[in-house]
Amino acid sequence: MSPQLLQQLFTADALWALAPLIALCLGAMLVLLSDILPGTAGLRRPLFLLTIAAAAYGAVHGFGAPEGTYMMGSFHHSHALSAWTVIFLLSGLIAFEFGQRYYKEEARFLAEHDVLMLTSLAGMVMMAGAADLLAFFIGLETLSVPLYTLAGFRRARSDSVEAGLKYFMLGAFAAAMFLYGAALVYAATGTISIEDMSGMGSTLTEPLALAGFALIVGSLFFKISVFPFHLWVPDVYQGAPTPVTAFMATGTKAAGFAFLLTLMGQNLASGKPVLPESAAWIVGWIAVITMAAGNLGALVQTDLKRMLAYSGVAHAGTMLLAIAAGWHDTEPHGAQTALLFYMAAYVFTAGGAFGLLAWMESEGGEVTIESLKGLSARRPMLAAAMAVFMLSLGGIPPLGGFWGKYLVFSCAVRADMIPLAVIGVLMSVIALGYYLKVIVAMYMQPQTQSHSAGISPRLAAAVATGVCALVVVALGMLPSWVLERLG
Amino acid sequence: MSVPPSHIFLLAALLFAIGAAGFFLRRNVIVVLMCIELMLNAANLTFLAASRMHTLAHGARPDLQGPIFAIFVIVIAAVEAAVGLALVIALYRNKQTVSLDDVADLKD
């Protein structure tokens, strides 16, 4: 490689655009080193936090940096990417804090756990910033392969290994589907750059390209757990260690949606969608069916973790509605703003709820509706936090989840998809059925099971729970403060 | 005489279909892993055939996007196989089986 080319590639702007990615990769290597070198085991936690802080600094710097495409057109830096990066980092941080004392017999492998998490975060950033199909594929695999391992992390337990294996098999199938789709798109268009594709007009609606995009979007639907690719979600979320579930439910979903937005042109300079307009109503109906599948599945669950998994499917459906509205939305970046806000609220809400679950599980085994009865008397603060998370997931004002839903449904209304918006609102009402069941059990029903001394106080988990609950409330009270900064 | 790209596309489509069918029909985890490899290689073949098609159409310079994509896919397929087989070993240690029929503890 000639020195001129290197100089063109590694400009200061390019390095700043890639700073979060570089920080996460370096951090992962340092944490791995701290595991190998003698006497440095205590550095694991500070190094992880330092890495997250460095990556966050890079992302915050990105808000002021010029937008543009770097690395020979494979990585696009935009202010939205910086916002997505912050969301990924928060998702990782929440999962990390709740995972601190969750593992017992695997505790000596915690350094590996953290390395895998940082690698996965790097994959998410790469996915969100990818401007061509190859960069996206590498990001997707950098995200997925560590997650397969993390899902099966409690390797002495057969349910964890089963979750890892199921996730791996379907993930590998989705990756193969994406690749074949990418190959067909490349055959039809002659390029793998999404920016170049967006200017191709009628070439994108040729049968070969359409088949390719259908496969690509199908594999993304798997990652964001959308009907009909959502069947793995309850099993994998239930079997995986709960902090990892929190990470999968928030971070992976955010990364998938970020790339869907790229395909919709909202992360690119051209601003033109690559996906054909005729898909708008199909995606819209898939969104509504996903909400129905998630909500109906959740209604009959008694295990809280499984219920939250189905609720995650319903939320993916709601978010997909903003994507479906993207073609006809009168505001050019409406879907981007709506999804960023939705995801920001969802990271704290679902992250907090799964985290709280992890905390309770490590004390008394599985958490069911039955075992939650009378929680408000035993642990009032914990019950209050759980109630905040449930109400926000249900979209009750004035909590963060409400504004996320409001923004998504207003996207659909602006795009003249009023029937879908109406069904979406009705679905939110059905969803309240199971969220309120949890609150009723905690506050209005007497204890039926005997409990050990109660949940031991843990600083990291308690602080994380408190911060999550406060942020959910703050996002609900001051949505305009966040929205102004988003765009 | 050379094979036209369209024939290679058809072969790749066939390989992908065989892989996908095997993925859903076979119950042995190892065989399912092999089916996934088949699908990945069908994608590789399509990339290479498409690259040749574009090169033949434009002529000036070989189109290298396809071959480079294929090289990355080969690397990542190896990574996936390593992690997949590790999970299979973990499964075997827990349950003394590699059949998907016996992996059904998690369900509604």
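So, contacts in chain A: take the ones between residues at least 6 apart in sequence, and 79% of them join residues at least 24 apart. Keep in mind, please, that this is a predicted model.

Staying with chain A, we have 22 helices and two strands. The radius of gyration comes out at 22 Å, and the globule rule gives 23 Å for 487 residues, so chain A is as compact as a globular protein of that length. If you like boxes, the C-alpha atoms fill one of roughly 65 × 60 × 40 Å along the principal axes. And of those 487 residues, 62% count as buried.

Right, on to the core. Which residues touch the most other members of the largest nonpolar core? That core has 227 residues, and the answer is A:Met127, A:Ala176, A:Leu179 and A:Tyr180. Helix 8 of chain A, residues 158-189, gives the core its largest share, with 22 residues.

Let me pick out A:Tyr180 for a second. Leaving aside residues up to four places away in sequence, A:Tyr180 touches A:Leu215 in chain A, and then on the chain B side B:Phe16, B:Met39, B:Ala42, B:Ala43 and B:Thr46.

That takes us to the interface. We have 32 residues of chain B in contact with 32 residues of chain A. On the chain B side, helix 1 (5-25), helix 2 (29-58) and helix 3 (65-95) each put in at least two residues. Helix 3 of chain B supplies the largest share, 15 residues. As for character, the side of chain B that touches chain A splits into 22 nonpolar residues, six polar and four charged.

Back inside chain A, have a look at helix 11, residues 232-239. How many of its eight residues are buried? Seven of them, so to speak a mostly covered helix. The buried ones are A:Val233, A:Pro234, A:Asp235, A:Val236, A:Tyr237, A:Gln238 and A:Gly239. Note that A:Asp235 is in that list of buried residues. And what does the covering? Among others, helix 7 (133-151), helix 8, helix 12 (242-263), helix 13 (280-299) and helix 14 (304-325) of chain A. Helix 8, you'll recall, is the one with the largest share of the core.

Now some backbone oddments, starting with cis peptide bonds. One runs from A:Phe227 to A:Pro228, with omega near -5 degrees. A:Pro228 sits in the loop between helix 10 (207-223) and our covered helix 11 of chain A. Another cis bond joins A:Pro397 and A:Pro398, where omega is about 0 degrees. You'll find A:Pro398 in the loop between helix 18 (380-394) and helix 19 (400-414) of chain A.

Then there's positive phi. A:Met71 isn't a glycine, yet its phi is positive, about 55 degrees. Where is A:Met71? In the loop between strand 1 (68-70) and strand 2 (75-77) of chain A. A:Met71 has 16 other C-beta atoms within 10 Å, so we call it partly exposed.

A:Asp416 is a further residue other than glycine with a positive phi, in this case near 65 degrees. Its place is the loop between helix 19 and helix 20 (418-444) of chain A. A:Asp416 has 14 C-beta neighbours inside 10 Å, so it also counts as partly exposed.

That's my tour; happy to pull any of these up on the screen.

Technical notes
Residues numbered from 1 in each chain as written. Chains lettered and ligands numbered in written order. Predicted model: local features only at pLDDT ≥ 70, side-chain atom pairs only at ≥ 80, totals over all residues. Core = buried A, V, L, I, M, F, W, Y, C linked by C-beta atoms within 7 Å. Buried ≥ 20, exposed ≤ 12 C-beta atoms within 10 Å, placed from the backbone. Helix = DSSP H or I, 4+ residues; strand = E, 2+ residues; numbered from the N terminus. Contact = placed C-beta atoms within 7 Å. Nonpolar A, V, L, I, M, F, W, Y, C, P; charged D, E, K, R; others polar. Rg over C-alpha atoms; globule rule 2.2 N^0.38 Å.
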